Amino acid sequence: HNEPPPHTEPASHNEPASHNEPASHNEPASHSSSHSSLGRASASSVCRGRACGVADSEKEHSRHSLPQDHHPNPTLPPIPASPPPPSPAPPSPPPSLEISKFSHARWSRAAPSCRPPANLPSAGTSIFELGQNRRYTLFVPELYLSDPRVVTPLVLQFPGSDDTAEREETRSKLNQTAAHFGFFVATLEGAGKYLNVASDGQSNPGAADDVDFVKKMLDDLQSKVCYDPRRTFASGFSRGARMSSRLASELPNLIAAIGPVSGVRFPHPTNATRAVPVLAFHGLADEVNPFHGGGPTYWRTGVPDAVGRWVAHNRCDPTPAQQPLSTHVTRVAYSGCVDGADVQLVVVADGGHRYPSGCLSLGKLLDKKFGSCSSEIDTNALLWEFFMSHPMPPKPTQLCTLAKPAGSLRAQPRAEPLKSGRALGQLGGVLAVGALALAVLATAAARRRRAPSPELHGPRNRVPQSCGPDFDFERPAC
């Protein structure tokens with residue numbers, strides 16, 4: 001990990017990056033692949049080596065709850081490669097600060113209460129040191145100080161490469177949204193302004209332990225404010241988006257949902273023992289983290305691959321719904337997931353490597369490099385609505401108790417995205433038939449393995465066990 005890779009993630013502002021992207025030793029970066037499957041039939045899975053429900057993610061990457069061979073990747077619907085012609089009126093405007101149903105007056109009435117700490121921080125942004133050369137900022141809204149007994153939601157925010165916490169606050173404008181809705185924002189800065197997240201959403205073993213930093217920060221925050229552990233979320237831009245994706249794998253019992261912007265990943269191997277809700281934002285014209293994959297060595301696979309793996313992990317219905325949010329912005333939503341852990345992708349047809357609606361100017365040269373920034377949607381209002389709709393379940397379903405998705409078919413890489421709905425439908429039909437055939441063969445093989453020995457006679461003790469609404473296969477006890 002000491003040798004720099006051939007590509008580095010560019011700094012997200014006008015100062016040159018001083019660190020190279022850490023190389024990953026887990027998988028080669030020579031090519032990108034695409035996996036597709038549209039079947040829900042499956043074989044049963046076994047919890048190996050531990051009791052079901054015990055999260056092993058904080059300490060070991062080698063042990064994980066789900067087998068990692070060929071995750072299904074539902075094919076995303078065709079998305080225009082260039083901006084469509086302007087439409088006179090968007091059919092479904094996104095939520096705004098004025099119309100959101102999760103106003104402070106509404107959610108705070110139903111929130112639990114706690115005994116507030118003796119020394120409350122002042123309203124606005126405060127800076128806290130945590131350990132050697134580690135810092136985070138905390139935004140406290142005036143609405144909280146009006147009644148500090150209210151247990152308040154918390155959003156963890158992570159900056160891009162070579163960015164400070166303050167610059168990320170300026171880019172995202174999340175603090176302004178927090179002031180309106182009354183939630184906390186903690187912005188965590190990486191060591192040397194680089195968070196520890198490498199290829200495939202994994203860590204660089206030689207860099208700082210940022211997962212431990214997050215846990216220590218949450219412990220420290222308990223002595224300062226009453227934040228809600230069931231409504232603690234993670235978001236971030238670029239490298240920070242990849243860090244929030246990593247936390248969904250490493251700390252699934254602490255992070256209720258994630259909202260990565262311009263950098264969604266599915267860490268593999270993943271350590272998430274439950275379904276994690278995901279709302280991702282990405283521009284089709286992003287040349288830093290390309291939508292369809294390629295680019296720097298830390299990126300490799302594209303957004304459809306990452307979203308498809310989250311869809312499969314959360315056991316969602318692989319058929320998405322599309323909702324136009326504005327002229328150039330479409331929301332692709334997967335529902336029917338375990339514990340209601342929806343997976344959604346907001347696609348900006350002409351968007352570059354930017355935080356939509358943030359649109360921090362980086363100077364003429366870098367603005368051209370990072371591409372167009374959309375102001376057609378309110379990113380933070382969408383995040384807030386999604387987060388508040390997806391708190392941590394009281395008793396999260398442990399995925400190792402469910403049958404795993406069927407093995408997927410490996411699709412041939414394609415140079416360009418499909419542009420024809422008819423071609424996409426034909427491909428979906430072929431994959432659906434192939435997945436069904438694999439499921440039938442797997443079921444037949446399982447029945448042969450369970451068949452009684454010729455020397456034994458009498459009835460078989462078979463008790464079917466339901467693993468969920470869409471799984472009706474026998475499984476061993478975890």
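This is a guided tour of a predicted model, moving from the whole chain to its strands, a helix, its salt bridges and its disulfides.

**The whole chain**

Begin with the entire protein chain on display. It contains ten helices and twelve strands. Of its 478 residues, 52% are buried. The accessible surface amounts to about 21,000 Å², and carbon and sulfur atoms account for 54% of that area. Among contacts between residues at least 6 apart in sequence, 72% join residues at least 24 apart.

**Strands 2 and 3**

Select residues 124–129, which form strand 2, and add strand 3. The two strands pair in the antiparallel sense over six bridges. Within this pairing, serine 126 stands opposite leucine 138 of strand 3. Strand 2 and strand 3 make a hairpin, with five residues between them. In the turn, select glycine 131, whose phi is positive, about 80°.

**Strand 5 and its neighbours**

Next, keep strand 3 in view and add strand 5; the two pair in the antiparallel sense over four bridges. Threonine 137 has threonine 187, in strand 5, as its bridge partner. Now add strand 4, residues 152–158, which pairs with strand 5 in the parallel sense, again over four bridges. Here leucine 154 has phenylalanine 184 of strand 5 as its bridge partner.

Is strand 5 mostly covered or mostly open? Five of its five residues are buried, so the strand counts as mostly covered. Show the side chains to see both faces: Phe184, Ala186 and Leu188 lie on one side, Val185 and Thr187 on the other, and all are buried.

**Helix 3**

Select residues 165–172, which form helix 3. Its buried residues are Ala165, Glu168, Glu169, Arg171 and Ser172. Viewed down the helix axis, these fall within an arc of 165°, so they line one face of helix 3. Lysine 173 follows the helix, and its phi is positive, near 60°. Keep the helix in view and select Asp163, Arg167, Glu168 and Arg171, which are linked in a network of salt bridges.

**Further salt bridges**

The structure holds 15 salt bridges. Three pairs are visited next.

- Select glutamate 189 and arginine 135, whose side chains meet in a salt bridge at 2.7 Å, N to O. Glutamate 189 is in the loop between strand 5 and helix 5, and arginine 135 is in strand 3, so the pair ties together parts that are 54 residues apart in sequence. Glutamate 189 is buried, at 10% relative accessible area, and arginine 135 counts as buried at 19%.
- Select arginine 300 and aspartate 200, which form a salt bridge with their closest N and O atoms 3.3 Å apart. Arginine 300 belongs to the loop between strand 8 and helix 7, and aspartate 200 to the loop between strand 5 and helix 5; the pair links distant parts of the chain, 100 residues apart. Both residues are buried.
- Select arginine 309 and aspartate 305, where the closest N and O atoms of the salt bridge are 2.9 Å apart. Both residues lie in helix 7, four residues apart, which is about one turn of the helix. Arginine 309 and aspartate 305 are both buried.

**The disulfides**

Finish with the cysteines, where the structure holds three disulfides.

Select cysteine 114 and cysteine 226, joined with an S to S distance of 1.7 Å. Cysteine 114 is in the loop between helix 1 and strand 2, and cysteine 226 is in the loop between helix 5 and strand 6, so this pair ties together parts that are 112 residues apart in sequence. The torsion about the S-S bond is about 135°, so the disulfide is right-handed. Cysteine 114 counts as partly exposed at 25% relative accessibility, whereas cysteine 226 is buried at 4%.

Select cysteine 316 and cysteine 337, whose sulfur atoms are 2.0 Å apart in a disulfide. The link runs from the loop between helix 7 and strand 9 to the loop between strand 10 and strand 11, 21 residues away. Its S-S torsion is about 110°, so it is right-handed. Cysteine 316 is buried at 3% relative accessible area, and cysteine 337 counts as buried at 10%.

Last, select cysteine 359 and cysteine 373, joined at 2.2 Å, S to S. Which hand does the link of cysteine 359 and cysteine 373 have? With -90° about the S-S bond, the link is left-handed. Cysteine 359 counts as partly exposed, at 28% relative accessibility.

Definitions and conventions: Residues are numbered from 1 along each chain as its sequence is written. This is a predicted model: local features need pLDDT of at least 70, side-chain atom pairs count only at pLDDT 80 or more; totals for chains, interfaces and linings use all residues. Side-chain values use heavy atoms; hydrogens and water are left out. A salt bridge is a side-chain nitrogen of Lys or Arg within 4 Å of a carboxyl oxygen of Asp or Glu. Buried means under 20% relative accessible area, exposed over 50%, partly exposed in between (1.4 Å probe, protein chains only). Two strands pair if DSSP finds at least two bridges between them. The arc is that of the directions from the helix axis to the C-beta atoms. Contact means heavy atoms within 4.5 Å. Accessible areas come from the Shrake-Rupley method with a 1.4 Å probe; for residues, only the protein chains shown count as cover. A disulfide is a pair of cysteine sulfur atoms within 2.5 Å.
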